[in-house]
Amino acid sequence: MEKYLFYCLALTVFALMHWAIYQWLLKSLLSKEWVKRVRWVLVANFGVLLLYFLGRYQELVPYRIHAWLSVSVGFCFILFVCAIVYRVLLMACLLLDSKRRDSLKRGLDLSVGALALGYGGWGLYEGMMRPEVRKVKLSLEGLKSPFSMVQISDLHIGGLIDAERVKVIVQEILALHPDVIVLTGDIVDARIDKIQEALDELKHLRAPLGVYYVLGNHEYFHHVYEVLEEIRRCGFCVLDNKGIILKRGQEELVNLVGVNDLFGKRFGDLEPDLELALKNQKENLPTILLAHQPKFAFTIQLDQKIDLILSGHTHGGQIFPFNLLVRLDQPYLAGLYQHSNNTQIYVNRGSGFWGPPMRVGVRAEVTYFEFRPK
């Protein structure tokens, strides 16, 4: 029921965005013949978007075709931003005399199409680029010897994140030769039987100290227990409110702790429980916490010792300037932050994308950490 409520809300938001595009942009341009045709394209886009959302859980169209329907989401985003820019500049024109105002409006009418094409074209180009490897060096209090870790997050396997793209990302990770690999949620975003080939590629992830996984919110939408079973078949260790001592031989390095996603509270199952996860924590070792959503940091109690939190979820906003909206829900957007005197948090921008294969100003990333003694 929760997932259908989410998509009803999403469709309402997108309907309002389409209305705004018409009122703020197209209505001002209706004297032009080409705009009359674009008006029907806008109506068709909403129809495609509706089919896309319905197809998330109903077999309405073939799987691969459904994946490409996600472009309608990006098309709506782009036109909405262009409509806001156009409207603001048009209102600024009112401050000018009539002659200059008419001249500037003609320029705006011509440039808004170029803006939409350039914005959308770059979004598709950057969205399909392979993730950037971001190298981060961090010192941990209590760490005795250095080690390396790779984090990926928000891969969203399913749709346009297929076996070929997963293969490229896996090869990119293995080339870094990390000691340990962590996956911080939203790795799976489709039914297991639809993405088996891509998961077979993911199975090639291996590291000397292991591969560790925590749930994101999207896994709850796709028979979460089946997802967990398949992840374990991949040979990965699921940290579902669990902690382990990461060791190199007999040497103990860090407490590596993982919690289920905050969405578990709304789902009514597989809820996060940090107290349980920290049950076997060794106080003399630094503690790294894997938690999908950055705002989980604010649930940590003062007596719970966490040195570093690794999160994802935000995609860094994915399509600028929607990072401004993401900040309304998540306090940390992308990169490294000092959460408290003793706790830092790093937010991965996502190794894939959700919905449209588009990113603007926030390229996908694979994060390579070099941990050193403090």
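In these legends, a residue is called buried when its relative accessible area is under 20%, exposed when that value is over 50%, and partly exposed in between. By this scale Glu-252, with a relative accessible area of 23%, is partly exposed. The structure shown is a predicted model.

**View 1. The salt bridge between Lys-282 and Glu-252.** The side chains of Lys-282 and Glu-252 meet with a nitrogen-to-oxygen distance of 2.7 Å. Lys-282 belongs to the loop between α10 and β8 (287–290), whereas Glu-252 belongs to strand β7 (residues 251–258), so the contact ties together parts that lie 30 residues apart in sequence. Lys-282 is partly exposed, its relative accessible area being 33%. For Glu-252, which is also partly exposed, the corresponding value is 23%. Elsewhere, Glu-132, Arg-134, Arg-349 and Glu-365 are joined into one network by salt bridges that share partners.

**View 2. A salt bridge from helix α6 to a loop, formed by Glu-172 and Arg-130.** In the model as a whole, 16 salt bridges are counted. In the one shown here, the closest N and O atoms of Glu-172 and Arg-130 are 3.6 Å apart. Because Glu-172 lies in helix α6 and Arg-130 in the loop between α5 (98–127) and β1 (132–140), the pair ties together parts that are 42 residues apart in sequence. The partners fall into separate accessibility classes: Glu-172 is buried, with a relative accessible area of 10%, while Arg-130 is partly exposed at 44%.

**View 3. A salt bridge within helix α8, between Arg-233 and Glu-229.** The two side chains meet at 2.7 Å, taken from N to O. Both residues belong to helix α8 (residues 224–233); because they are four residues apart, about one helical turn separates them. Arg-233 is exposed, with a relative accessible area of 52%, and Glu-229 is partly exposed, with 43%.

**View 4. Cysteines without a disulfide partner: Cys-76 and Cys-237.** A disulfide is a covalent bond between the sulfur atoms of two cysteines. A search of the whole structure finds zero disulfides. For Cys-76, the nearest cysteine sulfur is that of Cys-82, 11 Å away. Cys-76 is buried, at 1% relative accessibility. The sulfur of Cys-237 has its closest cysteine sulfur in Cys-234, at 13 Å, which is too far for a bond, because a disulfide requires the two sulfur atoms to be within 2.5 Å. Cys-237 is partly exposed, with a relative accessible area of 30%.

**View 5. Backbone geometry at His-156, His-177 and the Phe-320–Pro-321 peptide bond.** Most residues other than glycine have a negative phi, and most peptide bonds are trans. His-156 has a positive phi of about 55 degrees although it is not a glycine. This residue is placed in the loop between β2 (147–152) and α6 (163–174), and it is buried, at 3% relative accessibility. The phi of His-177 is likewise positive, near 50 degrees. His-177 is found in the loop between α6 and β3 (180–184). In contrast to buried His-156, His-177 is exposed, at 65% relative accessibility. The peptide bond between Phe-320 and Pro-321 is cis, with omega about 10 degrees. Pro-321 sits in the loop between β9 (308–311) and α11 (323–329).

**View 6. A negative surface patch that includes Glu-275.** Glu-271, Asp-273, Glu-275 and Asp-303 form this patch. Among them, Glu-275 lies in helix α10 (residues 274–277). With 64% relative accessibility, Glu-275 counts as exposed.

**View 7. A nonpolar surface patch that includes Leu-89.** The patch consists of Val-85, Leu-89 and Leu-115, which together have about 210 Å² of accessible area. One of these residues, Leu-89, is located in helix α4 (residues 71–93). Leu-89 is partly exposed, with a relative accessible area of 39%.

Note on methods
Residues numbered from 1 in each chain as written. Predicted model: local features only at pLDDT ≥ 70, side-chain atom pairs only at ≥ 80, totals over all residues. Heavy atoms only, no water. Buried < 20%, exposed > 50% of the residue type's maximum accessible area, 1.4 Å probe, protein only. Patch = residues over 30% accessible without salt bridge, like charges linked within 9 Å, V, L, I, M, F, W, Y side chains within 5 Å. Areas by Shrake-Rupley, 256 points an atom, 1.4 Å probe, with all protein chains shown as cover. Salt bridge = Lys/Arg side-chain N within 4 Å of Asp/Glu carboxyl O. Lys, Arg positive; Asp, Glu negative; His and termini not counted. Charge placed at Lys NZ, Arg CZ, Asp CG, Glu CD. Helix = DSSP H or I, 4+ residues; strand = E, 2+ residues; numbered from the N terminus.
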